[in-house]
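The exercises below are to be worked with the sequence and the 3D structure at hand. Each task is followed by a solution in steps.

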Amino acid sequence: MNKNIQLQDLGSKDYKATWEYQEELFKGIVDLKIQNRREATTFPTPNYLLFVEHPHVYTLGKSGDMSNLLLNQTQLEAKGATFYKINRGGDITYHGPGQIVGYPILDLENFFSDIHKYLRFLEEAIILTLQEYGLECGRSEGETGVWLGVGTPFARKICAMGVRASRWVTMHGFALNVNVDLGYFDNIIPCGIRGKAVTSLNVELGVDRVDEVEVKHKIKQHFTTLFEATLV
């Protein structure tokens with residue numbers, strides 16, 4: 001059982017290139033697990049946590065509805081954005097500058113074999129981080145991610161989540177709006193949920209910009225505590 005997690009901050013990186021890199025790491029873990037079972041070996045499987053910021057991009061999960069993208073190809077190009085249908089759960093979302101995207105690529109059998117618990121831990125790491133900024137936030141029943149104003153007419157999502165798992169290995173993850181241009185969300189029906197807004201940490205705090213390095217540091221602290229892991 002390996003509870004070390006290799007942290008990699010990729011900076012600003014193209015979505016497709018990052019997706020391909022995730023797939024490479026994911027496949028390496030799965031292949032090693034298959035080898036261990038086939039050959040009765042016990043080589044420890046690695047774990048990764050990737051931080052990245054993407055240029056403007058919209059992504060649609062495998063069960064998502066294309067009608068939730070409100071732009072055609074020409075309009076996407078005019079906004080300097082790209083679009084991908086991908087192999088995670090969830091519907092449509094936006095990634096762009098000012099957003100902290102986290103991709104945990106973990107062998108959950110190093111921690112616990114429970115996808116529901118995994119998703120709740122991802123949410124909890126973000127909830128605890130935002131609470132350090134004095135925000136009251138939480139979960140919205142039947143909807144993934146982290147929300148503010150739950151149960152009120154002013155409910156708004158600040159962090160989206162969508163994951164894929166196979167053989168207890170995870171990929172994709174969370175996207176926390178920190179200093180995001182929220183106008184880009186006007187071009188989609190975020191997560192396929194009508195009538196609810198999206199927000200960003202800087203907006204909620206009433207400041208021009210929040211220190212993203214500081215936010216990442218807080219996320220890392222809560223993530224490792226929840227997973228009882230060590231970042232290396």
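**Exercise 1. The span of helix α1**

How many Å should the 25 residues of α1 span at 1.5 Å a residue, and how far apart are its end C-alpha atoms?

Solution. The model is a predicted one, and the distances are computed from its atoms.
Step 1. The expected span is 1.5 Å times one less than the number of residues, so the 25 residues of α1 should cover 36 Å.
Step 2. The end C-alpha atoms of α1 are 36 Å apart, which agrees with the expected span.

**Exercise 2. The ends and the covered face of α1**

Examine the residues of α1 and those that flank the helix.

Solution.
Step 1. At the start of α1, the backbone nitrogen of Lys16 has a side-chain oxygen of Asp14 within 3.0 Å.
Step 2. Along α1, the buried residues are Tyr15, Thr18, Trp19, Gln22, Leu25, Phe26, Ile29, Val30, Leu32, Lys33 and Asn36.
Step 3. An α-helix has 3.6 residues a turn, so residues three or four places apart point the same way. This rule may be held against the list in the previous step.
Step 4. Just after α1, Ala40 adopts a positive phi of about 55°, although Ala40 is not a glycine.
Step 5. Ala40 lies in the loop between α1 and β2. Its relative accessibility is 68%, and therefore Ala40 counts as exposed, the cut-off being over 50%.

**Exercise 3. Thr45 in the loop**

Is Thr45 buried or exposed, and with which side chain does the side chain of Thr45 make a polar contact?

Solution.
Step 1. Thr45 is placed in the loop between α1 and β2.
Step 2. The relative accessible area of Thr45 is 5%, so Thr45 is buried; the cut-off is under 20%.
Step 3. A polar contact of 3.1 Å links the side chain of Thr45 to the side chain of Asn110.
Step 4. When neighbours within four places in sequence are left aside, the residues in contact with Thr45 are Asn2, Ile29, Leu32, Lys33, Asp107 and Asn110. Of these, Ile29, Leu32 and Lys33 are also listed as buried in α1.

**Exercise 4. The partners of strand β2**

Which strand runs parallel to β2, and how many bridges join the two?

Solution.
Step 1. Strand β1 (residues 4–12) runs parallel to β2, and five bridges join them. In this pairing, Leu7 stands opposite Leu49.
Step 2. From β1 the chain passes through helix α1 (residues 15–39) to β2, a β-α-β crossover that is right-handed.
Step 3. With strand β6 (residues 99–105), β2 pairs in the antiparallel sense over five bridges. Val101 of β6 is the bridge partner of Val52.
Step 4. Strand β2 (residues 48–53) is mostly covered, since five of its six residues are buried.

**Exercise 5. The nonpolar cores**

Which element supplies the largest share of the largest nonpolar core?

Solution.
Step 1. The largest nonpolar core has 34 residues, and those with the most contacts inside it are Ile126, Leu130, Val146, Leu176, Leu201, Val215 and Phe227.
Step 2. At least two residues of this core come from each of β2, α3, β8, β9, β10 and α5. The largest share, seven residues, is that of α3.
Step 3. Leu176, not counting residues up to four places away in sequence, touches Gly98, Gln99, Ile100, Ile126, Leu130, Ile158, Cys159, Val215 and Ile219.
Step 4. Another core, of 18 residues, lies apart from the largest one; among its members are Leu25, Tyr48, Leu50 and Tyr84.

**Exercise 6. Helix α5**

Which residue caps the N-terminal end of α5?

Solution.
Step 1. The cap is Asp211, with a side-chain oxygen 3.0 Å from the backbone nitrogen of Val213.
Step 2. The 16 residues of α5 (212–227) reach 22 Å from the first C-alpha to the last, close to the expected 22 Å.
Step 3. Among the buried residues of α5 are Val215, Ile219 and Phe227; Val215 and Ile219 are both touched by Leu176.
Step 4. Glu228 follows α5 and has a positive phi, near 50°.

**Exercise 7. Two buried residues**

Are His172 and Ile188 buried or exposed?

Solution.
Step 1. His172, in strand β10, has a relative accessible area of 1% and is therefore buried. Its phi is positive, near 60°, in a residue other than glycine.
Step 2. Ile188, in the loop between β10 and β11, counts as buried at 4% relative accessibility.
Step 3. Ile188 and Tyr94 are 94 residues apart along the chain, and their C-alpha atoms are separated by 8.2 Å.

Conventions: Residues are numbered from 1 along each chain as its sequence is written. This is a predicted model: local features need pLDDT of at least 70, side-chain atom pairs count only at pLDDT 80 or more; totals for chains, interfaces and linings use all residues. Side-chain values use heavy atoms; hydrogens and water are left out. Helices (H or I, at least four residues) and strands (E, at least two) are DSSP runs, numbered from the N terminus. Buried means under 20% relative accessible area, exposed over 50%, partly exposed in between (1.4 Å probe, protein chains only). A polar contact is a pair of N or O atoms within 3.5 Å; within protein, one must be able to donate a hydrogen and the other to accept it, and residues adjacent in sequence count only if both atoms are side-chain atoms. Two strands pair if DSSP finds at least two bridges between them. A crossover is right-handed if, with the strands pointing away from the viewer, the path from the first strand over the helix to the second runs clockwise. A nonpolar core is a set of buried Ala, Val, Leu, Ile, Met, Phe, Trp, Tyr and Cys residues joined through side-chain atoms within 4.5 Å. Contact means heavy atoms within 4.5 Å.
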